[in-house]
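Please open the model in a viewer and keep the sequence panel at hand. The tour below proceeds by selection, and each stop says what is to be found there.

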Amino acid sequence: MRTSGLKSLASKKLIDLGRLNLVHQMNDSFHFIPGKNLSLLLTCEHASQRLPPPWKWPHQDNWLIGTHWSHDLGSEACGLELAELFGCPLLLSRFSRLLIDPNRPLNSNTLFRETADGKMIFLNQQIKEEEKKTRINLLYKSYHEKLQQLTFDLKPQIIVSLHSFTPVYESNPRHIEIGVLYNQDKSLAQEVSDQFRSYQYESRLNEPWSGRDGFMYAVENACQHSKISKPIMLEFRQDLLTNAQWRTDLVSRLYKVLSSCLTQHVVQG
Ligand SMILES: [Zn+2]
């Protein structure tokens, strides 16, 4: 019954794709990969540690490359694998969160992060206003405009923002494996987290930080005027998400979890 519900949803959503400008698109801000299953949209705000030209890492910042400070390890692979399985659209950022963080509001004091682990980030010391405007217009706004356009045009039922977190925080190991973040609507997050727990994952709601504290800004902002799209953010522990076998198992289970939620949404609707 659930499968047929999902099929009917998929066929309803197979509308005039050409009209929606659903084409592969890549620039310095984002990489958009289209898909035919429009009930779901995946996003990944911290997918990349790339610095688009003309930016370069100051040599003092080389230690940040390859770390969670520059991007969310494993999140891009997770997005690509899940999007392929679902056949759904995927929006990936193409710039490091250290250049400008697209998952924070413009007035956030970590929009241009100046320190990491108590050390100075040279890329962001005494940035001039003109430089800030360039980063905002070229990278941040471009990403958000694309996300808002996709939300408005595709009207996906669920938007899932994919992220990863460090296994150790301030010398304390984190035992949580998956965080399901929400702000306004708990029901979808609760359902997703309950289903993760049924697969024996250590899943918690609004941990290791809360969607109620502005930490899922990008998808929240895109959905704020939508009566259709529900946003959630998933945080996976990065030592697990960068393990290919763990990720493969996760993606196949996440496919079942989200399919079930989409079907229930259809039945309820
Ligand atoms: Zn992140």
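A residue is called buried here if 20 or more other C-beta atoms lie within 10 Å of its own, and exposed if 12 or fewer do. The model is a predicted one.

**First selection: strand β4**

Select residues 90-93, which form strand β4. Which residues of β4 are buried on each side? Leu90 and Leu92 are buried on one side, and Leu91 and Ser93 are buried on the other, so that both faces of the strand are covered. In a regular strand the side chains alternate between the two faces of the sheet.

Now centre the view on Leu91, which lies in β4. Leu91 counts as buried because 26 other C-beta atoms lie within 10 Å. Leaving aside residues up to four places away in sequence, its contacts are Phe30, Phe32, Thr43, Lys146, Leu147 and Leu150. For a sense of scale, add Gly214: Leu91 and Gly214 are 123 residues apart in sequence, and their C-alpha atoms are 20 Å apart in space.

**Second selection: the partners of β4**

Add residues 30-33, strand β2. Strands β2 and β4 run antiparallel and are joined by 4 bridges. Within this pair, His31 stands opposite Leu92.

Next add residues 40-44, strand β3. Strand β3 pairs with β4 in the parallel sense, over 3 bridges. Here Leu42 stands opposite Leu90, and Thr43 stands opposite Leu91.

How many of the residues of β3 are buried? The count is 5 of the 5, so β3 is largely enclosed by the rest of the structure. Leu40, Leu42 and Cys44 are buried on one side, while Leu41 and Thr43 are buried on the other. Strand β3 also runs parallel to β7, to which 4 bridges join it; in that pair Thr43 stands opposite Ser161.

**Third selection: the whole sheet**

Display the strands together. The open sheet has 8 strands, in the order β1-β2-β4-β3-β7-β12-β10-β11, and its pairing is mixed. The edges are held by β1 (25-26) and β11 (203-205); each has a single partner strand, so one side of each is left without a neighbour in the sheet.

Towards the β11 end of that order, select β10 (residues 178-181) and β12 (residues 230-237), which pair in the antiparallel sense over 4 bridges. Leu181 stands opposite Met233 of β12 in this pair. Helix α4 (residues 186-198) packs on the sheet and touches β7, β10, β11 and β12. The direction of α4 makes about 165 degrees with that of β11.

**Fourth selection: helix α2**

Select residues 75-86, helix α2. At 1.5 Å a residue, its 12 residues should span 16 Å, and the end C-alpha atoms are 16 Å apart, which agrees. The buried residues of α2 are Ser75, Glu76, Cys78, Gly79, Leu82, Ala83 and Phe86. They cover an arc of only 160 degrees around the axis, which puts them on the same side of α2. An α-helix has 3.6 residues a turn, so residues three or four places apart point the same way.

Helix α2 lies across β2, β3, β4, β7 (158-165) and β12, and runs at about 165 degrees to β3. Together, β3, α2 and β4 make a right-handed β-α-β unit. Gly87 follows the helix and has a positive phi, near 70 degrees.

**Last selection: backbone details in the loops**

Most residues other than glycine have a negative phi, and most peptide bonds are trans. The following stops depart from this pattern.

- Pro53 and Pro54 are joined by a cis peptide bond, with omega about 15 degrees; Pro54 is in the loop between β3 and α2.
- Glu207 and Pro208 are likewise linked by a cis peptide bond, with omega near 0 degrees; Pro208 is in the loop between β11 and α5 (217-223).
- Asn206, in the loop between β11 and α5, has a positive phi near 50 degrees.
- Gln126, in the loop between β6 (119-120) and α3 (129-154), has a positive phi of about 50 degrees.

Are Asn206 and Gln126 buried or exposed? Asn206 is buried because 21 other C-beta atoms lie within 10 Å, whereas Gln126 counts as exposed, with 6 C-beta neighbours inside 10 Å.

Methods:
Residues are numbered from 1 along each chain as its sequence is written. This is a predicted model: local features need pLDDT of at least 70, side-chain atom pairs count only at pLDDT 80 or more; totals for chains, interfaces and linings use all residues. Helices (H or I, at least four residues) and strands (E, at least two) are DSSP runs, numbered from the N terminus. The expected span of a helix is 1.5 Å times one less than its number of residues. The arc is that of the directions from the helix axis to the C-beta atoms. Two strands pair if DSSP finds at least two bridges between them. A crossover is right-handed if, with the strands pointing away from the viewer, the path from the first strand over the helix to the second runs clockwise. Two residues are in contact if their C-beta atoms, placed from the backbone, lie within 7 Å. Axes are lines fitted to C-alpha atoms, for helices over the stretch in contact, and angles run from 0 to 180 degrees between N-to-C directions.
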